[in-house]
Amino acid sequence: FVTWRALHARREHPKLFAEGEYLPLTAEGAKCEHLFAFARRFGDAAVVAAVTRLPVGVGAWGDTRLSLPEGGWRDVLTGRQVSGESLT
């Protein structure tokens, strides 16, 4: 499902993925070293990709938060709207 949704988003926005500006994102909190994330921005479109790094022993994420670029966001896996500047 995750791969299907990611490929669908890539097909809908090819320039965003191929030519978009790369923006590394920063995580904070106890498990921040287990999170790798970046954004791509092209014109008015943007996408954030976040993946678990070294997942063994992560357990609960606790106070770990991902700083997001300014704007409103929608989780393409769940449809959940995310506002503000961080995602827990």
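Which residues does His34 touch, not counting residues up to four places away in sequence? The answer is Val51, Thr52, Arg53, Leu54, Val56, Val58 and Trp61. Keep in mind that this is a predicted model. Below is a quick tour of two histidines, an unusual leucine, the main pocket and the aromatic rings.

**His34 and its surroundings**
- You'll find His34 in the loop between strand 2 (27-28) and strand 3 (35-42).
- Despite the loop address, His34 counts as buried, because its relative accessibility is 12% and the cut-off for buried is under 20%.
- The side chain of His34 also makes a polar contact with the side chain of Glu33, at 3.3 Å.

**Leu54, one of the residues His34 touches**
- Leu54 sits in the loop between strand 4 (45-52) and strand 5 (65-67).
- With a relative accessible area of 52%, Leu54 is exposed, whereas its contact partner His34 is buried.
- The backbone is worth a look here: Leu54 isn't a glycine, yet it has a positive phi of about 50 degrees.
- For context, most residues other than glycine have a negative phi.

**His8, the histidine in helix 1**
- His8 belongs to helix 1 (2-12).
- His8 is partly exposed, because its relative accessible area is 21% and buried would need a value under 20%.
- The side chains of His8 and Glu12 are joined by a polar contact of 2.9 Å.
- Trp61, which is on the His34 contact list, has its C-alpha atom 28 Å from that of His8. Along the chain, His8 and Trp61 are 53 residues apart.

**The largest pocket**
- The largest pocket comes out at a volume of about 1300 Å³.
- It is lined by 37 residues, and those closest to its centre are Val48, Ala49, Ala50, Asp75 and Val76.
- Two helices are among the elements giving two or more residues to this lining: helix 1 and helix 2 (14-19).
- Strand 3, strand 4, strand 5 and strand 6 (73-74) also give two or more residues each.
- By residue type, the lining of the largest pocket splits into 23 nonpolar, eight charged and six polar.

**Aromatic rings**
- There are three aromatic pairs in the structure.
- One aromatic cluster is made up of Tyr22, Phe36 and Phe38.

Methods:
Residues are numbered from 1 along each chain as its sequence is written. This is a predicted model: local features need pLDDT of at least 70, side-chain atom pairs count only at pLDDT 80 or more; totals for chains, interfaces and linings use all residues. Side-chain values use heavy atoms; hydrogens and water are left out. Helices (H or I, at least four residues) and strands (E, at least two) are DSSP runs, numbered from the N terminus. Buried means under 20% relative accessible area, exposed over 50%, partly exposed in between (1.4 Å probe, protein chains only). A polar contact is a pair of N or O atoms within 3.5 Å; within protein, one must be able to donate a hydrogen and the other to accept it, and residues adjacent in sequence count only if both atoms are side-chain atoms. Contact means heavy atoms within 4.5 Å. On a 1 Å grid over the protein atoms alone, a cavity is a set of points where a 1.4 Å probe fits but cannot get out, and a pocket is an open set with protein on both sides within 12 Å along at least five of seven lines; lining residues have an atom within 4 Å of a point. Grid points are joined across faces, edges and corners, and a volume is the space filled by probe spheres set on the points. Ala, Val, Leu, Ile, Met, Phe, Trp, Tyr, Cys and Pro count as nonpolar, Asp, Glu, Lys and Arg as charged, and the others, Gly among them, as polar. Rings of Phe, Tyr and Trp (its six-membered ring) pair if their centres lie within 6.5 Å; planes under 30 degrees apart count as stacked, over 60 as edge-to-face and the rest as tilted.
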